[in-house]
Each structure stands twice: as structure tokens, then as C-alpha cells.
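Good morning, and thank you for coming. Please look at the sequence and the structure as I put them up.

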Amino acid sequence: MQQFFQALMTGLADGSIYASLALALVLIYKATEVINFAQGEMAMFTTYIAYALLTHPHFGHTLSFWPAFFVTLVIAFVFGVGLQRVVIKPLEHASVLTVVMATIALLVILNGLAAWIWSPELKFFPSPFPTSTWVVGGVHISKQDTGVFGVTLACVAVLWLFFRFTKLGLAMRAGAVNPVAARLLGVRTSWLLALGWGFAAVLGAVSGMMSAPTNFLSPSMMQAVLIFAFAGAILGGLESPVGAVVGGLGLGVLLSMLGTYVHPVTPELRLPVALLILLVVLLIRPAGIFGRVVVRRV
Amino acid sequence: MRLRWGYLGFALLVVAVIVAPLVSTNYRTFQLAFVGIYLIALLGLNILTGFTGQISLGHGAFMGIGAYATTILVVDHGWNDLLTLPVAGIVAGLAGLAFGLPATRFAGPYLALATFAIPLSFIGVLKRFPHFTGGTLGKQLPSLHSQFGIDANPSVWIYWVSWIVALAMFLLAYALVRGRFGRALRSVRDSEIAATASGVSTSGIKCAAFGISAFFCGVAGGLFAIAVTYVNPDTFPIDLSILLLVGIVLGGAGSLSGMIFGALFVEFIRITWGPALLDLFSQVHHINTRAPGSSLVVYGVVLLLVLYAAPAGAAGLVRRLVTGRAAVAAWAKQDRTPADEQA
């Protein structure tokens with residue numbers, strides 16, 4: 001029982017990291033039908049910015065974790081909006097293939113830049129949570145896992161409130177559902193896409209800063225996480241924000257359980273198993289659990 | 001007319017291949033051998049990406065599968081290394097089919113997304129079964145040596161082996177894309193709906209293209225293993241898969257001859273061209289141009305600039321310079337590669 005709950009908590013913590021990155025992917029995918037392959041590297045890069053804020057003195061002193069966390073979120077937002085304006089916007093009328101290639105170019109550039117500026121060696125990234133555990137009914141619950149889970153879901157909840165209850169959120173949803181109609185009604189859809197990139201970058205930064213304390217900081221830290229996030233998003237349905245969160249969490253728990261109870265599944269096989277799950281989901285239910293099946297006229 | 005230009009171009013290529021080692025140092029000849037190897041991989045990936053319109057971020061792993069097939073056959077079963085090449089291609093091709101069968105049933109971005117997981121999964125599998133693959137340490141092949149009683153420098157030997165195979169694969173790729181099958185590929189790229197309406201099985205075609213491209217990459221991987229005489233899980237990182245895709249875009253997706261530019265780029269950008277380009281800037285700014293990651297930044301930026309300025313790649317640029325046809329400009333504007341380009 002003890003083992004089960006620990007696997008569950010670790011799975012939920014990992015899963016929430018996948019969920020926030022999966023949600024970032026869905027945000028951009030829903031609005032533009034483009035998979036942003038640079039999403040993971042954007043998250044990695046902003047985590048390095050957090051690292052710089054934490055370790056190098058700016059204006060005379062270094063920041064402690066939470067101020068650095070929030071400053072990083074703001075920087076990530078500006079960074080995301082900027083990337084959309086500078087790199088993606090000029091390709092507005094290009095094919096999806098070209099835009100996807102541009103995001104791959106971004107992936108390469110950000111990966112190279114991080115190695116160039118901060119060196120490719122693994123770095124220690126501090127955790128805001130203690131390493132101790134709570135004992136509830138004989139079960140040890142890690143404060144680190146609980147903290148990661150809580151922070152990530154709080155960020156997702158704030159974003160959901162924004163989309164659900166603000167006028168700007170409504171405009172963004174309208175722009176995603178029907179860009180032409182939204183533009184005719186006076187919504188500036190082009191800028192909304194930039195906003196979408198901004199929010200996606202913020203979610204990525206959260207996932208990066210939450211996974212770095214346990215996985216260490218390196219230019220390739222988010223590559224595997226991005227694939228888990230993809231698999232999570234596919235599992236939930238690439239069209240559905242709720243699906244992305246549930247899919248990400250579900251995948252985290254599933255992998256944690258497989259790692260605990262199925263012995264041939266060693267850590268090296270986490271990715272191949274995720275790939276397998278992804279392929280099986282695509283075969284059985286291509287639209288994911290929460291997705292709608294889009295019927296195309298032939 | 002077009003056909004005659006194609007033959008002339010291929011004849012020129014053969015002449016260039018014969019002349020190049022005569023005027024090159026051994027080291028340069030060895031590098032050019034890798035251009036031939038990358039050319040094979042790019043020709044294959046181009047059938048999938050350029051002609052069928054499906055992005056793959058995982059074909060470096062199919063090179064890896066071919067390389068491991070060759071290595072295991074040579075080291076553990078005592079095969080002649082050249083005889084392993086067809087097997088390397090077939091093993092990788094079957095792996096490609098096995099992956100493509102579920103993954104290519106879907107339209108849109110799903111395939112690209114799933115392929116991104118292949119290189120990382122491949123590394124995981126290699127490490128999980130060390131008794132078969134050598135695990136993290138990898139496997140060592142016998143040193144490079146000429147065969148059939150030919151007394152040649154190892155660099156020159158591998159150059160000829162690579163380029164003879166590459167030229168043969170070039171002709172094979174040409175044969176594949178010119179006829180009915182090639183038209184089916186392009187119809188899937190240009191409009192899946194129209195292709196389906198014309199009786200083309202889009203998933204079948206995509207799956208076939210995936211298997212064929214993996215076959216090409218497997219052969220390239222086998223040659224790669226013979227040339228570097230050592231494979232381990234880090235030999236085929238995700239960067240290689242991305243670099244192959246970049247080579248396609250730069251050479252000109254949907255153009256066979258463009259892949260020669262692409263292969264030159266893939267071989268030389270990381271160690272030669274990238275640093276040289278950065279050195280130009282370092283005259284002005286004080287930056288460490290040999291730092292890790294710097295060449296990645298260079299080729300990322302080059303890729304972006306190509307996407308903005310010349311979406312049809314190097315082949316498109318040459319075409320525009322040579323023919324000056326307005327049609328090419330129109331293609332570039334629509335952001336589509338020349339539809340009927342052959343060789």
C-alpha cells in the first residue's frame with residue numbers, strides 16, 4: 001500500500017510537469033494547428049534564465065527562489081510573445097510544414113544558445129520544497145512531489161480562470177475556434193496568437209523550473225519531457241485543454257506504476273513505453289480521450 | 001529536354017565523384033565519403049518529406065538501426081562488412097514499416113510528433129539490452145581496410161564504396177519518384193483529399209514511403225558504421241535526425257539533385273562552415289566561436305533564413321538562377337516545392 005501511494009504521488013508530480021507542457025502545446029495547436037517543437041527548449045531556456053537570476057547578482061543581489069520564479073514567468077511571457085512576433089509572424093501565410101520547420105529551427109537555436117551561454121554540463125537547480133516527507137497513516141508523502149503537483153496545477157487553474165472569465169480569454173477562445181469570424185467582429189487575432197505563445201512559454205517555464213530540481217539543469221533536460229507531454233496531449237486529445245492536463249497526469253501515473261510493479265520496465269524503457277502508448281492511442285482512438293473526431297469530406 | 005538535362009547532370013555528378021579524390025587530401029576524401037553516406041540518407045528521407053510531405057524527426061535512428069545491424073553481423077557473426085549493407089537496409093526498412101503502419105494512418109502533425117520520440121526511445125532500447133548491443137560502451141568494428149586485393153588507402157576505399165552505393169541509390173530514388181508511384185507520393189503531399197478521391201490509398205502510400213526512407217537510412221547507417229568503425233548509443237543522437245531534416249530543407253525538399261547540397265551541408269556545417277562563419281563575426285565582437293552549441297546556433301539561423309528567403313532550398317535557387325522562370329517564383333511564394341521536379 002505504502003509503495004502504491006508513493007508511486008501514485010511521484011506519478012502525479014511527474015505527470016503535472018507533463019501536463020503543463022502538454023497544455024502549452026495544445027494552446028498553440030488549437031489556435032494555429034502547428035505543433036511547436038521548440039516548446040521544450042523554450043522551457044529549458046527560461047529555466048536557465050531562472051538559474052541566472054538565482055545564482056548571479058543582478059542590481060547588487062541574487063534573488064531567492066519565489067521572486068526568481070515569478071520574475072522568470074514574466075520574462076517567459078515576453079519571450080514567448082517576442083518569438084511569435086519575430087520568428088513566426090513573418091510566416092503567417094506560409095504552409096504548416098514551413099511553420100513547423102521554423103519551430104524546429106528555434107529548437108536548434110535555443111538548444112545551441114543554452115550550451116553556448118551556460119555550457120552543456122549538468123547544473124544543480126535548487127528546489128523550493130524540503131526533501132522531508134509527511135507521514136499520513138503510515139504512508140510517506142514527499143513534500144517535493146506534493147509541492148510540484150500543487151504549484152503546477154495552481155498555474156493551470158489560473159490560466160483556466162483567465163480563459164473562462166475574462167474578456168481577453170473569451171476573445172482568445174473565439175480566435176481559436178473561428179479566426180475569420182473573430183476578426184470580422186473586431187478581434188485582433190494576430191496579436192492573440194502572440195498572447196497564446198506568451199502563455200505557452202509561461203506554462204513551459206513552470207514545467208522547466210519544477211522538473212529541474214530533480215532532473216538537473218542541462219540543454220537537453222526537456223527533450224524527454226516534451227515527448228512525454230506529446231504523448232500526454234495525444235492521450236487526452238490534441239484539441240482539448242482539459243484532455244492535455246488529464247492525459248499528462250494519467251501518463252505520469254501510468255509510467256510510475258509500470259516502473260514500480262513491472263520489473264522489465266527500467267528507467268531506460270520509460271520513453272519507449274511512452275512511444276508505444278502514443279502509437280496504441282493513435283491506433284485505437286486517434287482523437288484522444290477528450291477529443292472530437294473531425295470528419296473531413298473526401 | 002528536361003530528361004536530357006537530367007542525364008547531363010547525372011553524368012556531371014559521376015565525373016565530379018571520380019575527380020574529387022584525385023584532387024583531395026586523404027582527410028578531405030574521408031569527409032567526402034561521409035557526404036556520400038549522408039546523400040543516401042537524405043535521398044531516402046526526401047522520398048518521405050519532400051515527395052510525400054511527411055515530416056520525420058526520427059530518421060537518424062533508422063541510420064542507427066542499420067549501423068547496429070551491420071556491426072552485430074560483422075562482429076558477432078563474422079560477415080563481410082559489404083554484404084551486411086542490404087541486410088542493414090532491410091532491417092531498418094522493416095522497422096520503419098512497423099512504425100509507419102500505425103503512425104501513418106493519420107493526417108496532419110501526428111506523424112512528425114510521433115517520430116520525434118524514435119531517436120530517444122532507440123537510445124533507451126540500446127541501453128536496456130546490453131548483451132545484444134554492447135550497451136553504453138557500444139561495439140568496435142574491425143579497422144577500415146580495402147578488399148578484393150585492391151591496395152588502396154582506407155579513406156579512398158571507403159570513399160569509393162560510399163559513392164558507388166550512393167550513385168546506385170540515386171538511380172533507385174529516381175526510378176521510384178518518376179513513375180506512377182512517384183505521382184501517388186506527390187498527390188498525397190499536395191492534397192490528401194484529392195489523392196483519396198483519385199483512388200490513392202493515402203495511408204498505404206505514406207507507410208510505403210516511410211519504409212523506403214528507412215531502408216535508405218539503414219544502408220547509410222551500415223556504411224556509417226563501417227566508416228567510423230565504432231558505434232554506441234551517442235553515435236545517433238536526436239541532433240542527427242534534426243540535421244538530416246535541415247539538410248532536406250536546405251537542399252530543396254522534393255528535389256533529388258538538391259540532396260547533394262544538403263549532404264555537403266550536413267557534413268561540413270558542424271566542423272567547417274559553422275565555425276568559419278562565426279569567425280567572421282568574432283572579428284567584430286569578442287565571442288568564443290569554438291564553444292559548444294555555437295555551430296547549432298549557426299545552422300538553426302541558416303535554416304530560418306532559408307525558410308524565409310528560399311523555401312524551395314538550394315535546388316530552387318539554382319533553378320531560379322538558371323531558368324529565371326516566373327513559375328519558380330510563384331512556387332516559392334505559394335511555399336510549395338516544384339511539383340514535378342525530377343532528379
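I shall speak about the contact between two chains, and then about two residues in loops.

This is a predicted model, in which local features need pLDDT of at least 70, side-chain atom pairs count only at pLDDT 80 or more, and totals for chains, interfaces and linings use all residues. Residues are numbered from 1 along each chain as its sequence is written, while chains are lettered from A and ligands numbered from 1 in the order in which they are written.

Let us begin with the two chains. Here 41 residues of chain A are in contact with 40 residues of chain B, contact meaning that C-beta atoms, placed from the backbone, lie within 7 Å. On the chain A side, the elements giving two or more residues are α4 (96-118), α9 (221-236) and α11 (270-284); helices are DSSP runs of H or I with at least four residues, strands are runs of E with at least two, and both are numbered from the N terminus. The largest share, 15 residues, comes from α4(A).

Now to the loops. Phe216(A) lies between α8 (189-215) and α9 of chain A, and has a positive phi of about 70 degrees although it is not a glycine. Most residues other than glycine have a negative phi. In chain B, Thr229(B) sits in the loop between α11 and β2 (230-231), with a positive phi of about 55 degrees.

Is Thr229(B) buried or exposed? Thr229(B) counts as partly exposed because it has 18 C-beta neighbours inside 10 Å; buried requires 20 or more, exposed 12 or fewer, and partly exposed is in between, with C-beta atoms placed from the backbone. Phe216(A), with 13 such neighbours, also counts as partly exposed.

Terms used
Contact = placed C-beta atoms within 7 Å.
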